[in-house]
Amino acid sequence: MKGQPGAGGTVVMFSTADWAAPCWTNKQHIARRLAERGYTVLYIETVGLRRPSINSLDLTRIIRRLRSGLKPPRRVGERLWVLSPLTLPLGQRHGFVRHFNAWILRTAIRLWLRRHGDGTPPLVWTYHPYMLEAISGLKRSALVYHCVDNIAAVPGVDATAFAQAEEALLARADAVFTTAPALQAHCARIAPHTTHYFPNVADLAHFAQARHAGAVPPELAAIAGPRLGFIGTLTDFKVDFALLEHVALARPDWHLVVIGDEREGQADPVLERMRRLDNVHMLGWRPYAVLPDYLRGLDVALLPLLLNDHTRAVFPMKFFEYLAAGCPVVATSLPALADFSSYCRLTDNAEAFMEGISNALTAPQVIPENDPVLMENNWDRRLDKMLAVLGPEAARAG
């Protein structure tokens, strides 16, 4: 039976994250909100941006994708479908691989549009450039490139091939949305008239639950205070594990709570040492729905990120999530956070980071829930602005 098209039209979204990934990112948030506004959305999971390694994790993922790729898109919401594309993860420089992957995607998209589209050209919204061949010949209302990371700096990604593909996408995109000043400068170099800066934001209503009376999870309540917390994927090219270890060793009276798992294939020796410390509590991954309960029990929220080519182009989603939860924030001095220095404590080295924590404990800086910076930096307001850039036709469902 043909699905009813959304009042806002149809969106084909190319993501760099699987729908059911443990930590949701801007891709899932935007897709879900587009569907809530009446768009009919096809969310296409990652096609594999890095060449796979010969290890059990990558092989397991390939086998899992082979199984799911033989199935049609699955429905995960009233107007939201997820496609797990059956693609060959052997690198974008191989012409045969690139053409085969494009043919698979193009066929799957056209079949889905025939069944669930409304007959009008879809809005194509992408988070990576390896989809141009897949939309070749496809009439579209607009092409959006939502640039949220310096993907070329991710270990394992073919930086040269990615840069070439990205340049082609930037030249064709009707609108480019970037989430960090470095990404804005990078994209505007090629597409100066279509590039717009919109930092990452938070689900304000969700994380503001931490401000209100409620239970703290027993495993957290059992940890002595003060509690310093970090929530997120433990990625060795993003998170400064050595900084966290330094804090834990220097102040055994402070308790460090880490919520999140290591990225696949990683086994960092610093994290292994930290697990043996009495004042470090590695709780592992926790569902998105209960994160406000954990934030409610923290005294200070931490953003201990490395400074490298990747993170200099990052605006951490956790920043506004922490603020929305009413947590004082201590962070390393990421360029993207410079405009928000009055809302947190930015630090340049380990000693300054510790001093920032001390100050946050003695004089907590809590942003009111109705502060303009929070009211402007939530997902609904952000999507309003993005759709406004695309014009009345794109925004009519909002």
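**Salt bridges and one helix pair**

Let me begin with a pair of side chains, Glu272 and Arg275, which form a salt bridge in which the closest N and O atoms are 3.6 Å apart. I should say at once that this is a predicted model, and what follows is to be heard with that in mind. Glu272 is partly exposed, with a relative accessible area of 39%, and Arg275 counts as partly exposed too, at 38% relative accessibility.

How many salt bridges does a search of the whole structure find? The search returns 17, and I will take up two others from among them.

In one of these, Arg312 and Asp309 meet through their side chains, at 3.9 Å from N to O, a value that lies within the 4 Å allowed for a salt bridge. Arg312 has a relative accessibility of 38% and so counts as partly exposed, whereas Asp309, at 58%, counts as exposed, because the threshold for that class is over 50%.

The other joins Asp380 to Arg33, with the closest N and O atoms 3.6 Å apart. This pair links distant parts of the chain, since Asp380 lies in helix 14, residues 379-390, and Arg33 lies in helix 1, residues 26-36, with the two positions 347 residues apart in numbering. Is each partner buried or partly exposed? Asp380 is partly exposed, with a relative accessible area of 38%, while Arg33 is buried, its relative accessible area being 5%. Both residues also belong to a network of salt bridges, which links Arg32, Arg33, Glu36, Arg37, Asp203, Asp380 and Asp384.

Now let me turn to helix packing. Two packed helices are described by the angle between their axes and the distance between the axes. Helix 8, residues 241-250, packs against helix 12, residues 350-362, at an angle of about 60°, and their axes are 10 Å apart. That angle makes helix 8 oblique to helix 12, because the roughly perpendicular class runs from 65 to 115 degrees and the roughly parallel class is for angles under 35 degrees. The crossing of the two helices is right-handed.

Which residues meet there? From helix 8 they are Leu243, His246, Val247 and Ala250, and from helix 12 they are Ala350, Glu351, Phe353, Met354 and Ile357. Sorted by character, the residues of this contact divide into 7 nonpolar, 1 polar and 1 charged; the polar one is His246 and the charged one is Glu351.

Technical notes. Residues are numbered from 1 along each chain as its sequence is written. This is a predicted model: local features need pLDDT of at least 70, side-chain atom pairs count only at pLDDT 80 or more; totals for chains, interfaces and linings use all residues. Side-chain values use heavy atoms; hydrogens and water are left out. Axes are lines fitted to C-alpha atoms, for helices over the stretch in contact, and angles run from 0 to 180 degrees between N-to-C directions. Helices (H or I, at least four residues) and strands (E, at least two) are DSSP runs, numbered from the N terminus. Angles under 35 degrees count as roughly parallel, over 145 as roughly antiparallel, 65 to 115 as roughly perpendicular and the rest as oblique. A crossing is left-handed if the near helix is turned anticlockwise from the far one by less than a right angle, and right-handed if clockwise. Contact means heavy atoms within 4.5 Å. Buried means under 20% relative accessible area, exposed over 50%, partly exposed in between (1.4 Å probe, protein chains only).
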